[in-house]
Amino acid sequence: MRWFSLYLAFALCPTLTSAVELYQLHDDRSIWRFNGTPCTGSTCTGWRLLDNNPRTKAIAAGGTKLYQLRDDGSIWRYTGTPCGGGSCPGWQMLDNNAQTKAIVAAGTALYQLHSTGAIWSFNGEPCSGSSCPGWQLLDNNPQTMAIAAGGWALYQLHGTGAIWHFTGTPCSSGSSCPGWKLLDNNPQTKAIAAGGLALYQLHGTGAIWLHAGLPCSGDACWKRLDNNPQTKAIAAGGLALYQLHGTGAIWRHAGLPCSGDACWQRLDKNTQTEAIV
């Protein structure tokens, strides 16, 4: 099965007049930004082209920033210049490491996950030529399979289903990376997403759970938001939560409190969609 046909990335700008920035990545690797116009029936015209690079593997967004990960492991930041004709010059390189397999962003923060399980935080310094010194090591655990970020928080998911929260202490000059606290250890957990101050987990059954916040204990830590076996993926940005069904349908959570079908609003139903971030 192909890894994806369509990616979405979104973030909440941290201001009183903030708005959700929503992006998608097509299977031809083109990147598009949502202009605020929702679908009318089967017509969805609210998108503007930002890049058309066939090497783009994934995208991430945080605050007002958009990033792309290319298939060679390089990470790029969007500078604000949209495509003109066949040219899309609006990108600046931040790293160029072949081990990079995923990126996430929140607010002004950007993180990358290596195939070794290492997690790195961007310190703001872009590449200069072939030198890319702007990264600090936060963890180096081979069990790490995914990371998520929201607000100022960073989380990692292990293959065992364990979820860990970063406490703010980076790795020492040796191999010690003590800055992580266990939040959950449920083997049913298959994915995590974070937005604003919220953390979500998705179970293999399709159930979606919201973390009650810190501190908490036992079952009281999680509130179930949905239990749909069609749900394959979740993603979050700001105060918004989204789910993707196996049919390609994308749904947005209506917020708490809600009940029944009123909890979710459909945003799209494209059978080519395979993943959201």
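How many of the 7 residues of strand E17 (residues 189-195) are buried? Select the strand in this predicted model: 5 of the 7 are buried, and E17 is thus described as mostly covered.

**Stop 1: the E17-E18 hairpin**

Extend the selection to strand E18 (residues 198-203), which pairs with E17 in the antiparallel sense over 6 bridges. Within this pairing, alanine 194 stands opposite leucine 199 of E18. The two strands form a hairpin with 2 residues between them. In the turn, display glycine 196, whose phi is positive at about 60 degrees.

**Stop 2: confidence along the chain**

Colour the chain by pLDDT before going further. The average for the protein chain is 86, and 90% of the residues score at least 70. Two stretches call for caution. Over residues 1-7 the pLDDT stays under 50, and the model has 32 contacts for them beyond four places in sequence. Residues 10-18 also have a pLDDT below 50; this stretch has 29 contacts in the model beyond near neighbours in sequence.

**Stop 3: an open sheet of four strands**

Now select strands E9 to E12. These 4 strands form an open sheet in the order E9-E10-E11-E12, with antiparallel pairing. Strand E9 (100-106) and strand E12 (135-140) stand at the edges; each has a single partner strand, so one side of each is left without a neighbour in the sheet. On average, neighbouring strands of this sheet are turned by 25 degrees against each other, direction ignored.

Inside the sheet, strand E10 (residues 109-114) and strand E11 (residues 118-122) pair in the antiparallel sense over 3 bridges. Leucine 113 can be found opposite isoleucine 119 in E11.

Stay on E10 and select leucine 110, which lies in this strand. Is leucine 110 buried or exposed? Its relative accessible area is 1%, and the residue counts as buried because the limit for that class is under 20%. Displaying its surroundings, neighbours within four places in sequence left aside, brings up contacts with Tyr67, Ile75, Leu94, Ile103, Val104, Ala105, Trp120, Ser121, Phe122 and Trp135. A distance drawn from leucine 110 to leucine 66 reads 9.9 Å, C-alpha to C-alpha, for two residues 44 apart in sequence.

**Stop 4: the largest nonpolar core**

Leucine 66 leads to the next selection, since this residue is among those with the most contacts inside the largest nonpolar core. The core has 13 residues, and the others named for the most contacts are Tyr23, Ile31, Leu50, Ile59 and Trp91. Strand E2 (20-25), strand E5 (56-62), strand E7 (74-78) and strand E8 (91-96) are the elements that give two or more residues to this core. As a general background, nonpolar side chains in soluble globular proteins tend to be buried together.

**Stop 5: the loop between E2 and E3**

Move to the loop between E2 and E3 and select arginine 29. Its phi is positive, at about 75 degrees, although the residue is not a glycine. Most residues other than glycine have a negative phi. With a relative accessible area of 26%, arginine 29 is partly exposed.

**Stop 6: aromatic pairs**

How many aromatic pairs does a search of the whole structure find? The search finds 4, and two of them are visited here.

For one of them, select phenylalanine 34 and tryptophan 47: the pair is tilted, at 5.0 Å centre to centre and 45 degrees between the planes. Phenylalanine 34 belongs to strand E3 (residues 30-34) and tryptophan 47 to strand E4 (residues 47-52), so the pair ties together parts that are 13 residues apart in sequence. Phenylalanine 34 is partly exposed at 26% relative accessibility, and tryptophan 47 is partly exposed at 22%.

Then select phenylalanine 166 and tryptophan 180, a tilted pair with 5.0 Å centre to centre and 45 degrees between the planes. Phenylalanine 166 is in strand E15 (residues 162-166) and tryptophan 180 in strand E16 (residues 180-185); the pair links distant parts of the chain, 14 residues apart. Both phenylalanine 166 and tryptophan 180 are buried.

**Stop 7: histidine 245**

The tour ends at strand E22 (residues 240-245), where histidine 245 is to be selected. Histidine 245 is buried, with a relative accessible area of 7%. Which residues does histidine 245 touch, not counting residues up to four places away in sequence? They are Asn228, Gln230, Thr231, Lys232 and Trp251.

Note on methods
Residues are numbered from 1 along each chain as its sequence is written. This is a predicted model: local features need pLDDT of at least 70, side-chain atom pairs count only at pLDDT 80 or more; totals for chains, interfaces and linings use all residues. Side-chain values use heavy atoms; hydrogens and water are left out. Two strands pair if DSSP finds at least two bridges between them. Axes are lines fitted to C-alpha atoms, for helices over the stretch in contact, and angles run from 0 to 180 degrees between N-to-C directions. Buried means under 20% relative accessible area, exposed over 50%, partly exposed in between (1.4 Å probe, protein chains only). Contact means heavy atoms within 4.5 Å. A nonpolar core is a set of buried Ala, Val, Leu, Ile, Met, Phe, Trp, Tyr and Cys residues joined through side-chain atoms within 4.5 Å. pLDDT is the predictor's confidence in each residue, from 0 to 100. Rings of Phe, Tyr and Trp (its six-membered ring) pair if their centres lie within 6.5 Å; planes under 30 degrees apart count as stacked, over 60 as edge-to-face and the rest as tilted.
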